[in-house]
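Hi,

Here's the structure I said I'd pass on. Have a look at it first, then read my notes below.

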Amino acid sequence: MKAPDFDFLRYTLEQPDQISPSTFLFPSGRAHLEQVGVLRLEPRHPKPVNLVLSVGIHGNETAPIELVNRLVKDILSGAITLGVRLLVIIGHPHAIIRGERFVDVNLNRLFDGAYDRYEGMEVDRAQVLTEQLTAFYDAEPSFENFHYDLHTAIRGSRFERFAVHPYVGEAQYQVRQFGFLAAAGIEAVLLSHQPSTTFSYHSYKHHNAHAFTLELGKVRPFGENNLKRLQKMDTCLRTLVTAGGLLQARQEQLHIFSVVKVLVKDADDYQLHIASDEKNFTGFKQGFVLASSSAGEYAIEQDGDAIVFPNTNLPIGQRAGMVVRKANWQQLNKAW
Ligand SMILES: [Zn+2]
């Protein structure tokens, strides 16, 4: 394996089932191919940062895959100098090859041990990725841990790029992370109201990582993404991997939302009364009946309450969307 010729994405998609672990040198460090779609880059002179960048946890979300593969290429070729420990994960190669979100079950619901409760090809993958995270973070326990899990969304959004913040309970929000998200071109942050089983939440909970799910625009096939729309994200990631620093912009420009209601599909005839292409963060008037079924209905409680991630094409008992409300930045419990 020669670093300048190595295309991590192509290699992964050509051998999606198994690889032989290998290691090779690049100008600023050593690369370790650990598993299918898992590349660990160890710099010669690391700043005290363990950074995980994951893409393709949903197979059809190609823009972040292209963005991060280009970043890896530039590190391996020596165009940029790696300054932090970096674990790059291409989440679900089989789904990427098929151009689909997942094959058997949504991989991003299987972390924090939740894979025990499911069946399908994603179960093994969730277990492998969980083990890789642990090995990576544990190798340098005194370093600060980060995990940015990059996605694109099925539908359009009033805010083209937004972040899902892990549930923090009584802990404080880190202002430096919000400043970084603003600098990276993120427009809105959704504060989770409860623990979840996503990949980023797993890193937050088990490894105390600054961890986010980042939605970076709309799903498009390979080759149809305009990476210029991710210019700020690219710049911020490059600064982070080379210098170990978080670029900052005014966090007050972010729109912050909290969850008021999780909509659950409660019957076969469950309906959301929105257009099929309604955008994420579309707001409604108080009293508007947003959801109804033979089992009940849900009406908007306050003007401006908005819908995120609506989806009724799923089994009874699963989440059909979330109703969110603008939160006040000043009132958040935060640390500088
Ligand atoms: Zn996704």
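**What turned up**

E61 is buried, at a relative accessible area of 2%. Before I go on, bear in mind that this is a predicted model.

E61 is also one of the residues holding the zinc ion: the protein donors are H58 through ND1, E61 through OE (listed twice) and H151 through ND1, and they sit 2.0 to 2.3 Å from the metal. H58 is buried too, with a relative accessible area of 4%. Along the sequence, the donor residues follow the spacing H-x2-E-x89-H.

What about the geometry of the zinc site? The angles among its four donor atoms run from 58 to 145 degrees, and the site is irregular. A tetrahedral call needs all angles between 85 and 135 degrees, so the zinc site, with its 58 to 145 degrees, doesn't qualify. For reference, the ideal angle for four tetrahedral donors is 109.5 degrees.

Another histidine to look at is H32, in strand β2 (residues 29-35). H32 is buried, with a relative accessible area of 16%, and buried here means under 20%. Setting aside neighbours within four places in sequence, H32 is in contact with S22, T23, V38, L39, R40 and E42.

Then there's helix α5, covering residues 175-183. Eight of its nine residues are buried, so the helix counts as mostly covered. The buried ones are V175, Q177, F178, G179, F180, L181, A182 and A183. Just after α5 comes G185, with a positive phi of about 90 degrees.

Cheers

Technical notes
Residues numbered from 1 in each chain as written. Predicted model: local features only at pLDDT ≥ 70, side-chain atom pairs only at ≥ 80, totals over all residues. Heavy atoms only, no water. Helix = DSSP H or I, 4+ residues; strand = E, 2+ residues; numbered from the N terminus. Buried < 20%, exposed > 50% of the residue type's maximum accessible area, 1.4 Å probe, protein only. Contact = heavy atoms within 4.5 Å. Donors = N, O, S within 2.8 Å, 3.2 Å for Na, K, Ca; no water. Tetrahedral: all angles 85-135°; square planar, octahedral: opposite > 155°, others 65-115°.
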